[in-house]
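The following note sets out points for a colleague who is examining the model. The points are numbered so that each may be taken up separately.

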Amino acid sequence: MKGTDKRNTVLGPEIAPPVRLGSYPPSDVTFLLKDLSSEALELGTAEREKAIQSGVSYSEMLPVEYQPTEQYIGLFRETLRESAAKVALAVAVVSERIVARRGTEGTVLVSLARAGTPIGVLIRRYIAEMYGAELPHYSVSIIRGKGLDMNAVRYILQQHGIGAKLQFVDGWTGKGAITRVLQESCKEFYSRYGIQLSDELAVLADPGYCSGTFGTREDYLIPSACLNSTVSGLLSRTVQRNDLTGPEDFHGAKFYKEWLEHDYSNVFIDAITPYFASVREAAVAAAGEMGASPPEISWRGMQDIITLQGHFGIDNINLIKPGVGETTRVLLRRVPWKIIVDTKDNPNLRHILLLAEERGVPVEEYPGLAYSCCGIIKPLKGGESE
């Protein structure tokens, strides 16, 4: 297929516009996801773990969403109050890096649902406030083993032209698996359509040293990692199953609108944005230093994971989930075996220790890690694909 023909394939047939989903204002983000709210997709943790470790993709089912206790919600609020300025600074730094590298003209923010969505909202708000530029922001699905939702990318290019500068956004890096999936997906997109997308992933936190566009490399608690759908616009994880999503559909998700009374998505955003003006000067300076001396992408975090794998005799490296965000998810959604922390005195780990105590999961210290903590999933028979 010649290059022009490939590009025409991107522009046609036209992808149908999405239905409105999520609890954010429409100006903050458009979810490019098929509404699967009427489908029964949730499985219990043990049943889901067994399916995943027998080879079923995690994208073909959903976890039963964790219902946080009042104590846990209290911790979320307290952590949000304590870290709001810190998160705002990281948002400001990564936003300044995006503007410096891409400008605002023609730039489209594309966050990866779900962890990237609230960060994309914050970056959009920061750039609007500081530069007066209302960047389009879409949230799309990316799935390990299946890749980026190509129809979602096609839809964005149909709306904004094939010259649109897409900036992919996520919350944080772990082992860098999503970074690699994004890189592979961009290559696949070029192969199919002849359009080169930038595979650079901008993240709020990069404790894995996998990205060159980040707000910080400190592994601390990002409050949006505490909760699931109730801090991500009430959307479930994304789903891709051939019997539910057709060839011209977006990947799917459920909208838990029945939980509106328990939604903290906009509480999180509204707690961070008031700090933008006060952190801007420091952010411009930090971003300038990064521009003058680009940070090395060393994948240092991955070396730590390999060390832990050998120390604990873990056959499958996918069972080790590094970083505060991923460890939180292990405790919320998986069957954890043990939690590894750099030190139990780390103030960034109070919610981890609380969750581990609630679930009866042992916590072990292992000093010197790039990450504040790692969660190790209980091995079952067979492999683990998530």
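1. Helices, which need at least four residues, and strands, which need at least two, are DSSP runs numbered from the N terminus. The model is a predicted one. In this numbering, Met302 belongs to helix H9. Its relative accessible area is 18%, and Met302 is therefore buried, since the term covers values under 20%. Leaving aside neighbours within four places in sequence, Met302 is in contact with Lys175, Ile317 and Tyr371. The C-alpha atoms of Met302 and Cys210 are separated by 9.0 Å, although the two residues lie 92 residues apart along the chain.

2. The loop that precedes helix H9 deserves a remark. Trp299 is located in this loop, between H8 and helix H9 (300-312). Trp299 is not a glycine, yet has a positive phi of about 55°. Tyr209, likewise not a glycine, has a positive phi of about 60°. The loop that holds Tyr209 runs between strand S10 (201-205) and strand S11 (213-216).

3. A further backbone feature concerns a peptide bond. Ala113 and Arg114 are joined by a cis peptide bond, with omega of about 5°. Arg114 is placed in the loop between strand S5 (107-112) and H4. As background to this point and the previous one, most residues other than glycine have a negative phi, and most peptide bonds are trans.

4. Which residues have the most contacts inside the largest nonpolar core? They are Ile123, Leu157, Leu166, Phe168, Phe189 and Ile272, and the core has 105 residues. Helix H3 (residues 70-102) gives the most to this core, namely 15 residues. Apart from it lies another core, of 14 residues, including Leu308, Ile320, Leu369 and Ile377.

5. The surroundings of Leu166 can be listed in detail. When neighbours within four places in sequence are left aside, the contacts of Leu166 are Arg102, Val108, Val110, Val153, Ile156, Leu157, Leu197 and Ser198.

6. Helix H7 (residues 265-272) has Ser265, Phe268, Ile269 and Ile272 as buried residues. Seen down the axis of H7, these buried residues fall within an arc of 95°, so they line one face of the helix. Which helices are included in what covers the buried residues of H7? H3, helix H4 (116-131) and helix H8 (276-292) are among the elements that do so.

7. H3 and H8 also pack against each other, at an angle of about 45° and with their axes 8 Å apart. The two helices, H3 and H8, are therefore oblique to each other. Their crossing, that of H3 and H8, is right-handed. On the H3 side, the contact is made by Ala85, Ala88, Leu89, Val91, Ala92, Val93, Glu96 and Arg97. On the H8 side, the contributing residues include Phe276, Val279, Arg280, Ala282, Ala283 and Val284, together with Ala286, Ala287, Met290 and Gly291.

8. A second helix pair is formed by helix H10 (residues 323-333) and helix H11 (residues 350-359), which pack at an angle of about 20° with their axes 10 Å apart. H10 and H11 are therefore roughly parallel to each other, as angles under 35 degrees count as such. The crossing of H10 and H11 is left-handed. H10 makes this contact through Val324, Thr327, Thr328, Val330, Leu331 and Leu332, and H11 through His351, Ile352, Leu355, Ala356 and Arg359.

9. Is Ser95, a residue of helix H3, buried or exposed? Ser95 has 0% relative accessibility and therefore counts as buried. Leaving aside neighbours within four places in sequence, Ser95 is in contact with Ile123, Tyr126 and Ile127. Of these contacts, Ile123 is also listed among the residues with the most contacts inside the largest nonpolar core.

10. Asp170 is found in strand S9 (residues 165-172). Asp170 counts as buried because its relative accessibility is 9%. Not counting residues up to four places away in sequence, Asp170 touches Leu112, Ala115, Gly116, Ile119, Ile178, Leu201, Ala202, Val203 and Leu204. From C-alpha to C-alpha, Asp170 and Ser298 are 19 Å apart in space, with their positions 128 residues apart in sequence given as their separation.

How values were computed. Residues numbered from 1 in each chain as written. Predicted model: local features only at pLDDT ≥ 70, side-chain atom pairs only at ≥ 80, totals over all residues. Heavy atoms only, no water. Core = buried A, V, L, I, M, F, W, Y, C linked by side-chain atoms within 4.5 Å. Buried < 20%, exposed > 50% of the residue type's maximum accessible area, 1.4 Å probe, protein only. Contact = heavy atoms within 4.5 Å. Arc of directions from axis to C-beta. Axes fitted to C-alpha atoms, helices over the stretch in contact; angles between N-to-C directions. Parallel < 35°, antiparallel > 145°, perpendicular 65-115°, else oblique. Left-handed = near helix turned anticlockwise from the far one by under 90°.
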